[in-house]
Amino acid sequence: MAIVGLPNAGKSTLLNRVLGEKVSITSRRPQTTRRRVAGILTRGDAQAVLVDTPGLLEPAYALQRALAGEIERSLEGVDLILLVRDLRRGADAEPGLPARLPAPALLVLSKADLVPPGRAAATAGEARAEGRWSDVHVVSAVTGEGVYRLTDAVLERLPAGAFLYDAEQLSDRPLRFLAAELVREALFHELGAEVPYACHVEVTAFEEHRPVPRVEAVIHVERESQKGIVIGRAGETLRRIGTAARAGIQELAGGQVFLQLRVKVRPNWRRRPADLRRFGYLT
């Protein structure tokens, strides 16, 4: 099942709320998610695999075209689609979304805690009148409003079949991948403006069998000026980024972790197909 929607519609926050655990990074800024992340929900004898995707947009350069391809691949062969739409945006069209969806779709009107109840109900009524959606749900991933009912609706609509993953597993992504994502999340929280969008985090060493697991990662930026911003005066900013990321990694790992971060300049990597292939955005 694919979760799609505009940037900052609340897709990742919703996934984390449904699972009750954090598997997808979040920030207040749009286009935080770059790679598909599957969250695995197991309840009793039912299991759903929910795939978080990058935000829908009109691609302007190579990285954004790669992200659009990631969304297209996530829609292939799914049994159900959750289209997440911020209630504050009304009935905006989602760029890049096929006019004919490849699977039944539930419309999820998110961020109900940020609009008056009457407006939420009116917007839901208008959406139901469109006749395009299998169902319409009003939710708040922050407060939990409507999320359990949405989860019930998802599980009811999925076809019967064997579990694809162990019942205890929460994501299809290994800890190495999630560690890189948590460093990227810290970049979004610690840095302003456009710098986090110019960053890619590459885990270069992951030694999880040590008494204290060791993670080494490189933060790639596009310009020398960005490198200085990420490092900060006397390395203070980079230390804060490392502290925040390490806390998240330790929570996932269930114990202490050593994290070492370095910053390197890789000019215009977002526009270079060779770099996008190296970093896994292109195959």
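A cavity is a set of grid points, laid over the protein atoms alone, where a 1.4 Å probe fits but cannot get out. In this predicted model, that rule gives three cavities of 30 Å³ or more, and two of them are described in the table below.

| Cavity | Volume | Lining by class | Element giving the most to the lining |
|---|---|---|---|
| Largest | about 50 Å³ | five nonpolar, one polar and two charged | helix 5 (residues 175–190), three residues |
| Second largest | about 40 Å³ | six nonpolar, one polar and no charged | helix 4 (residues 147–157), three residues |

Around the largest cavity one finds Lys-22, Val-23, Ser-24 and Ile-25, together with Leu-178, Glu-181, Leu-182 and Leu-252. The second largest cavity is instead lined by Val-18, Leu-41, Leu-50, Leu-82, Leu-150, Thr-151 and Val-154.

Helix 3 can be read in a similar step-by-step way. For its 14 residues (residues 117–130), a rise of 1.5 Å a residue leads one to expect a span of 20 Å, and the end C-alpha atoms are indeed 20 Å apart, which agrees. Within helix 3, the buried residues are Ala-120, Thr-123, Ala-124 and Ala-127. Because these buried residues fall within an arc of 100 degrees when seen down the axis of helix 3, they line one face of the helix. Strand 5 (105–110) and strand 6 (135–138) are included in what covers the buried residues of helix 3, whereas on the other side of the helix Gly-118, Ala-121, Glu-126 and Ala-129 are exposed. After helix 3 comes Gly-131, whose phi is positive, near 75 degrees.

Note on methods: Residues numbered from 1 in each chain as written. Predicted model: local features only at pLDDT ≥ 70, side-chain atom pairs only at ≥ 80, totals over all residues. Heavy atoms only, no water. Helix = DSSP H or I, 4+ residues; strand = E, 2+ residues; numbered from the N terminus. Expected span 1.5 Å × (residues − 1). Buried < 20%, exposed > 50% of the residue type's maximum accessible area, 1.4 Å probe, protein only. Arc of directions from axis to C-beta. Contact = heavy atoms within 4.5 Å. 1 Å grid on protein atoms, 1.4 Å probe; cavity = no way out; pocket = protein on both sides within 12 Å on 5 of 7 lines; lining within 4 Å. Points joined across faces, edges and corners; volume = space filled by probe spheres on them. Nonpolar A, V, L, I, M, F, W, Y, C, P; charged D, E, K, R; others polar.
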